[in-house]
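Welcome, and thanks for opening the viewer. Let's take a walk through this model together, one selection at a time.

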Amino acid sequence: MKRFILMAGVLTAAVFPGSDAGAANGAVNLRFSGSAVWLRVDGDKDDDWWMETSTNCDHWITLTNFGTLLSGNETNAPWRMAGVQDDGMRFYRARQTDGLYDATLLRTWSLTFTQANFSNQMVLGRTYGTNAPCKELTLNNGATNRNIGARFRGNTSFTGMGSAPPKKSIALEIDQTVPNDDLMGYDNINLNNAYGDETMMRETLYFNVMREYAVCPAGCLAQLYVNGANWGVYSCAQQQDGTLINEWFPSNQGYRFRAANMDGSAAFVYLNTTNVASYTPHYELKSDPDTNAWPSFIRAIYAFSQLATNTATLRDKAEDIVAVDRWLWFLALENLFVDEDSYWSKGSDYILYYEPETGRVHPVEHDGNEALTPTPNITYTLSPVEGATASNRPLLYRLLGNAELRQRYLAHMRTAMEENFNPPAMTALINGYHARSIAAVIADPKKGYTGMATYTNDLNSLKTFI
């Protein structure tokens, strides 16, 4: 008689053919069907797991061909065949992944639409903020959500520069028709086409380094199928919504503003008035409307504009208005990754969060598709203190105008370089993303170029840039 020991965390169970093991959350269940071994994980519905096997509990092998497996309860946790019984004792355990945005995974996403004109509906959705009904979304870990909403998104990434890209970015609303529904803890998800990035990995690379130091979305790569057709590789980016804010702050009850105007007027610049109407063309309120939102935000902009640079008291006075250290990290990382969609460059495409618990304004990264990409005017020769002398970039101008804060900013940049932004560390990350995605990129019918020389050249360009 064969005996299987099943392990998940500290939970163990012994089972015999014909029985299941584990009743508590976090347990691995096993069953037999003929000579096949099937596994299921009891646990939180938002978690998924790698399955590992061993013959001695000393050396464990990840069942990579098995893929990851979503957990749940006895009514909704998926079963999956682990293999065929052998003659020796075998142990199984589950190792939790980093969730939906685990950057070490290339998940397969599948969307199913029943209406023939779903693509036209998604185009209209981008224009009017509506969604095309999507019958079902499934992931290859067993996750399934039904009756979600989908629409195309993006500006230049949608229209292109001269010609529209064949691959369109997609916004997914998981809870459109099912209240409080979510996909592994998230109800709004972006599948981005990484416009202009033949490697598809710059945004994911940027986000996953930046979030070690600053408030930033998570990111990963995804393989998308729509009605069974291959739509190629996408950059899967976390939405900058209340869920993200909850991960970093005491609550998400504050006010989120997107700095949307690219003429620099949305760079926390005081417009010589506290009239709300003067600021609404430059910022977009992304959180729920509140009568205190705009006045609170504008008061912070005004108060910061009154701080004189190069004063001994600036550090403490600024700390009452903005989260100084978070801004220093944020500004240093945007510079280090040469993010053209940034505060120092355009003064736009970032999020400002007014935290009600402290009354301070925090930065939140928004868009990463233009990072790590040299242009004729912006290259790796960028000054590490770019914008520090520009009065129309008051956060850089005032914070880096203070000698102590300037040194702290440079120390943060040095830390990020020593820990992450250096050729050995970054090349290892790039090679990992490449290994996981290259087969899917080769098969991608919407990648926008023919011949993999274009991809190889851009991959080498990315490594050279580092």
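Before the first click, one cut-off: a residue counts as buried when its relative accessible area is under 20%. Keep in mind, too, that this is a predicted model.

**Stop one: an acid in a loop**

Start by selecting Asp-349, in the loop that runs between helix 8 (324-336) and strand 19 (350-355). Is Asp-349 buried or exposed? Its relative accessibility is 3%, and because buried means under 20%, Asp-349 counts as buried. Now show the side chain of Arg-258 as well: a polar contact of 2.5 Å joins it to the side chain of Asp-349.

**Stop two: the hairpin**

Move on to strand 19 and add strand 20 (residues 360-365). The two strands run antiparallel and are joined by six bridges. Together they make a hairpin, with four residues between them. Click on Gly-359 in the turn, where phi is positive, at about 75°. Next to look for is Glu-355, which stands opposite Arg-360 of strand 20.

Stay with strand 20 and turn on its side chains. How many of its six residues are buried? The count is six of six, so the strand is mostly covered, given that buried means under 20% relative accessible area. Arg-360, His-362 and Val-364 point one way from the strand, while Val-361, Pro-363 and Glu-365 point the other way. Both groups are buried.

**Stop three: an open sheet**

Now select strand 3 (28-33), strand 4 (residues 36-41) and strand 8 (80-84). These three strands form an open sheet in the order 3-4-8, with antiparallel pairing. Strand 3 and strand 8 stand at the edges with a single partner strand each, so one side of each has no neighbour in the sheet. On average, neighbouring strands here are turned by 30° against each other, direction ignored. Zoom in on strands 3 and 4, which pair over six bridges in the antiparallel sense. One of the residues to label is Ser-33, whose bridge partner in strand 4 is Ala-36.

**Stop four: aromatic rings**

Switch to the aromatic side chains; there are 22 aromatic pairs in this model. Pick out Phe-268 and Phe-304, with ring centres 5.8 Å apart and planes at 65°, which makes the pair edge-to-face. Phe-268 lies in the loop between strand 17 (255-259) and helix 5 (276-279), and Phe-304 in helix 6 (residues 293-305), so select both regions: the pair links parts of the chain 36 residues apart. Both rings belong to buried residues, with relative accessibility of 1% for Phe-268 and 0% for Phe-304. Then widen the selection to Phe-257, Tyr-283, Trp-294 and Phe-297, which ring pairs link with Phe-268 and Phe-304 into a cluster.

**Stop five: charges over rings**

Which ring does the charged end of Arg-80 sit over? Select Phe-66: the charged end lies 5.4 Å from its ring centre. For another example, go to Lys-168, whose charged end sits over the ring of Phe-158, 4.4 Å from the centre.

**Last stop: the cysteines**

Finish by selecting the cysteines; the structure holds zero disulfides. Look at Cys-134, which is buried at 1% relative accessibility. Why does Cys-134 have no bond to the closest cysteine sulfur? That sulfur, in Cys-236, is 15 Å away, too far for a bond. End the tour at Cys-57, which is partly exposed with a relative accessible area of 35%.

Note on methods
Residues are numbered from 1 along each chain as its sequence is written. This is a predicted model: local features need pLDDT of at least 70, side-chain atom pairs count only at pLDDT 80 or more; totals for chains, interfaces and linings use all residues. Side-chain values use heavy atoms; hydrogens and water are left out. Two strands pair if DSSP finds at least two bridges between them. Axes are lines fitted to C-alpha atoms, for helices over the stretch in contact, and angles run from 0 to 180 degrees between N-to-C directions. A disulfide is a pair of cysteine sulfur atoms within 2.5 Å. Buried means under 20% relative accessible area, exposed over 50%, partly exposed in between (1.4 Å probe, protein chains only). Rings of Phe, Tyr and Trp (its six-membered ring) pair if their centres lie within 6.5 Å; planes under 30 degrees apart count as stacked, over 60 as edge-to-face and the rest as tilted. A charge sits over a ring if NZ of Lys or CZ of Arg is within 6 Å of the ring centre and within 35 degrees of the ring normal. A polar contact is a pair of N or O atoms within 3.5 Å; within protein, one must be able to donate a hydrogen and the other to accept it, and residues adjacent in sequence count only if both atoms are side-chain atoms.
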